[in-house]
Amino acid sequence: MTFTSKAEADAYDKMLDTADALQLLLQDSALIADEQQTETLALYLAQQKDAVLIALGAKKAPAKTAAKEPKVSEKSQQSAAELTAVKKSSKTEQAA
């Protein structure tokens, strides 16, 4: 692979080291007999490290960045419309 920065290359190397350690763990478990499947699963788990850590409870899930707008009920929308209408009518009366 070709990387544009040393940091990217180092991160990839670290991910491969993690995959190797996971592969040894999976091989020791003897749950998967096929070596290719063990290698593929170990690589996948290493690539999904953050999600695995969250699933294991070792890391907290990131807070959602998009702030949800509070839902406005129909009644409060109607009240706001009525208030706007009252303000407009009082301005018209004052102008006359």
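The following exercises, each with a worked solution, concern a predicted model of a single chain.

**Exercise 1. The overall make-up of the chain**

Determine how many helices and strands the chain has, and what share of its residues count as buried.

Solution. Begin with the secondary structure: the chain has 4 helices and 0 strands, and its elements, read from the N terminus, accordingly appear in the order α-α-α-α. Turn next to burial, where 7% of the 96 residues count as buried. The exposed surface of the chain comes to about 8600 Å², of which carbon and sulfur atoms supply 57%. Finally, among the contacts with a separation of 6 or more, 26% are accounted for by residues 24 or more positions apart.

**Exercise 2. Two residues, Leu-22 and Thr-38**

Locate Leu-22 and Thr-38, classify each as buried or partly exposed, and state what separation their C-alpha atoms have.

Solution. First place the residues: Leu-22 lies in helix α1, while Thr-38 belongs to helix α2, which spans residues 35-47. Then apply the cut-off, by which buried means under 20% relative accessible area and exposed means over 50%. Thr-38 has a relative accessible area of 1% and is therefore buried, whereas Leu-22, at 22%, counts as partly exposed because its value falls between the two limits.

As a third step, consider the contacts, leaving out residues up to four places away in sequence. Under that condition Thr-38 touches Gln-23, Leu-26, Gln-27 and Ile-32, and Leu-22 is in contact with Ala-42, Leu-45 and Ala-46. The last step is the distance: Leu-22 and Thr-38 stand 16 residues apart along the chain, and their C-alpha atoms are separated by 8.9 Å.

**Exercise 3. A patch of negative charge**

Identify which residues gather in the patch of negative charge on the surface, and which element gives the most to the patch.

Solution. The members of the patch are Asp-13, Asp-17, Asp-20, Asp-34, Glu-35 and Glu-39. Sorting them by element shows that α1 (6-29) and α2 are the elements that give two or more residues, and that α1, with 3 residues, gives the most.

One member, Asp-34, calls for a separate step, as its place is in the loop between α1 and α2. Its relative accessibility is 38%, so Asp-34 counts as partly exposed. This value also meets the requirement for patch residues, which must have over 30% relative accessible area and no salt bridge, as far as the area is concerned.

Notes: Residues are numbered from 1 along each chain as its sequence is written. This is a predicted model: local features need pLDDT of at least 70, side-chain atom pairs count only at pLDDT 80 or more; totals for chains, interfaces and linings use all residues. Side-chain values use heavy atoms; hydrogens and water are left out. Buried means under 20% relative accessible area, exposed over 50%, partly exposed in between (1.4 Å probe, protein chains only). Contact means heavy atoms within 4.5 Å. Patches are made of residues with over 30% relative accessible area and no salt bridge: like charges are joined within 9 Å, nonpolar side chains (Val, Leu, Ile, Met, Phe, Trp, Tyr) within 5 Å. Accessible areas come from the Shrake-Rupley method with a 1.4 Å probe; for residues, only the protein chains shown count as cover. A salt bridge is a side-chain nitrogen of Lys or Arg within 4 Å of a carboxyl oxygen of Asp or Glu. Lys and Arg count as positive and Asp and Glu as negative; His and the chain ends are not counted. The place of a charge is taken as NZ of Lys, CZ of Arg, CG of Asp or CD of Glu.
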